[in-house]
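Biologist: I should like to discuss how the ligand is held in this model. Please begin with the terms that the discussion requires.

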Amino acid sequence: MAQSVLLTGAAGRVGDAILGGLADEYEWRLLDRDPPTEDYPGEFVVADITDDEAVREAMEGIDAVIHLAGDPRPDAPWDSVLTNNIDGTQTVFEAAVDAGVEKVAFASSNHAVGHYETEERTPEMYRADDDYLLDGTELPRPGNLYGVSKAAGESLGRYYHDEHDLSVVCVRIGNLTEDHPPIDYERGQAMWLSYRDCARLFDRCLSADYGYEIVYGISDNDRKYYSIDRARAVLGYEPQDNSARHD
Ligand SMILES: NC(=O)C1=CN([C@@H]2O[C@H](COP(=O)(O)OP(=O)(O)OC[C@H]3O[C@@H](n4cnc5c(N)ncnc54)[C@H](O)[C@@H]3O)[C@@H](O)[C@H]2O)C=CC1
Ligand SMILES: O=C1O[C@H](COP(=O)(O)O)[C@@H](O)[C@H](O)[C@H]1O
């Protein structure tokens, strides 16, 4: 089981959710290009993931990586996703392999499959009585250039698994919000990921055994159109939250 974990993009929202639940469970090395503004549970490396030397140094002695760093904006321009999300992710995978890291959990996105949400299917597919379900075996169908960059990251993960036997799980994260699900936003409620479930899911990404996987990262929402069966079966993910049962 992974003990020593490198968390890239640690200063962001997903990093906050993961550390909020798992600060004491692993030996953390945290990496972000933004310097820390608070106390973190572990060594904090200020570096850009496109800096090959810095990433290699940060990877020394690491068992597992949670790779979050990147431009998270659905409307991010191509030059930014090319640099931060595609080039940066390749740098992280390459350094992980060279350092003998066991597994990498990659923060992919719902936007890698955004164009399954066609005019004919929406908004019905966001509702609990609709049975449309994506399960992670479908081909990427990005909804924007940011989604293209996430599909590229999944593809890089596939390559580094097949070529170098690195264990890789790509988590197509839905919509992470703290305290309560998105309000007046059916799509966001369908793909809600609570902070607690985010920590539970990435805990399982660090602990479970797998080869190459694509799973959806959402809570157990009644409205869901992303299956969490694979995350349950392969990772042992047991979500506790549901946007329909939240006050
Ligand atoms: N928040 C959400 O609901 C979702 C997030 N994701 C993905 O999860 C990851 C984290 O997202 P958030 O925490 O929401 O974003 P965020 O913007 O809050 O955090 C991202 C962090 O990565 C750092 N970063 C960005 N580019 C970097 C680079 N080149 N080198 C080093 N650090 C860099 C930023 O400084 C920031 O602290 C992203 O890859 C995003 O695409 C995917 C789906 C949904
Ligand atoms: O990948 C991401 O997805 C979430 C949810 O997408 P949205 O279109 O419903 O906002 C987004 O909030 C997050 O910033 C992004 O990284």
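Modeller: Helices and strands are DSSP runs, of at least four residues for a helix and at least two for a strand, numbered from the N terminus. The model is a predicted one.

Biologist: Which element supplies the largest share of the shell around ligand 1?

Modeller: The shell comprises 25 residues, with Arg13, Asp32, Leu68, Tyr146 and Lys150 as the closest. At least two shell residues come from each of α1 (13–22), β5 (103–109), α4 (145–164) and β7 (175–177). The largest share, three residues, belongs to β5.

Biologist: How many residues of the shell around ligand 1 are nonpolar, polar and charged?

Modeller: Tyrosine and leucine count as nonpolar, whereas arginine, aspartate and lysine count as charged. Divided by class, the shell has six charged, eight polar and eleven nonpolar residues.

Biologist: Which atom of ligand 1 lies 3.0 Å from a polar backbone atom of isoleucine 49?

Modeller: Polar contacts are pairs of N or O atoms within 3.5 Å. An oxygen atom of ligand 1 lies 2.8 Å from a polar side-chain atom of arginine 13, and an oxygen atom is 3.4 Å from a polar backbone atom of glycine 12. At isoleucine 49, the ligand atom at 3.0 Å is a nitrogen.

Biologist: What is the volume of the largest pocket?

Modeller: Ligand 1 sits in this pocket. Its lining has 34 residues, and Arg13, Leu68, Gly70, Asp71 and Pro72 lie nearest the centre. α1, β2 (27–32), β5, α4 and β7 each give two or more residues to that lining. The volume of the largest pocket is about 860 Å³.

Terms used
Residues numbered from 1 in each chain as written. Chains lettered and ligands numbered in written order. Predicted model: local features only at pLDDT ≥ 70, side-chain atom pairs only at ≥ 80, totals over all residues. Heavy atoms only, no water. Near = heavy atom within 4 Å. Polar contact = N/O pair within 3.5 Å; in protein donor to acceptor, adjacent residues only side chain to side chain. 1 Å grid on protein atoms, 1.4 Å probe; cavity = no way out; pocket = protein on both sides within 12 Å on 5 of 7 lines; lining within 4 Å. Sits in = over half its atoms within 2 Å of the grid points. Points joined across faces, edges and corners; volume = space filled by probe spheres on them.
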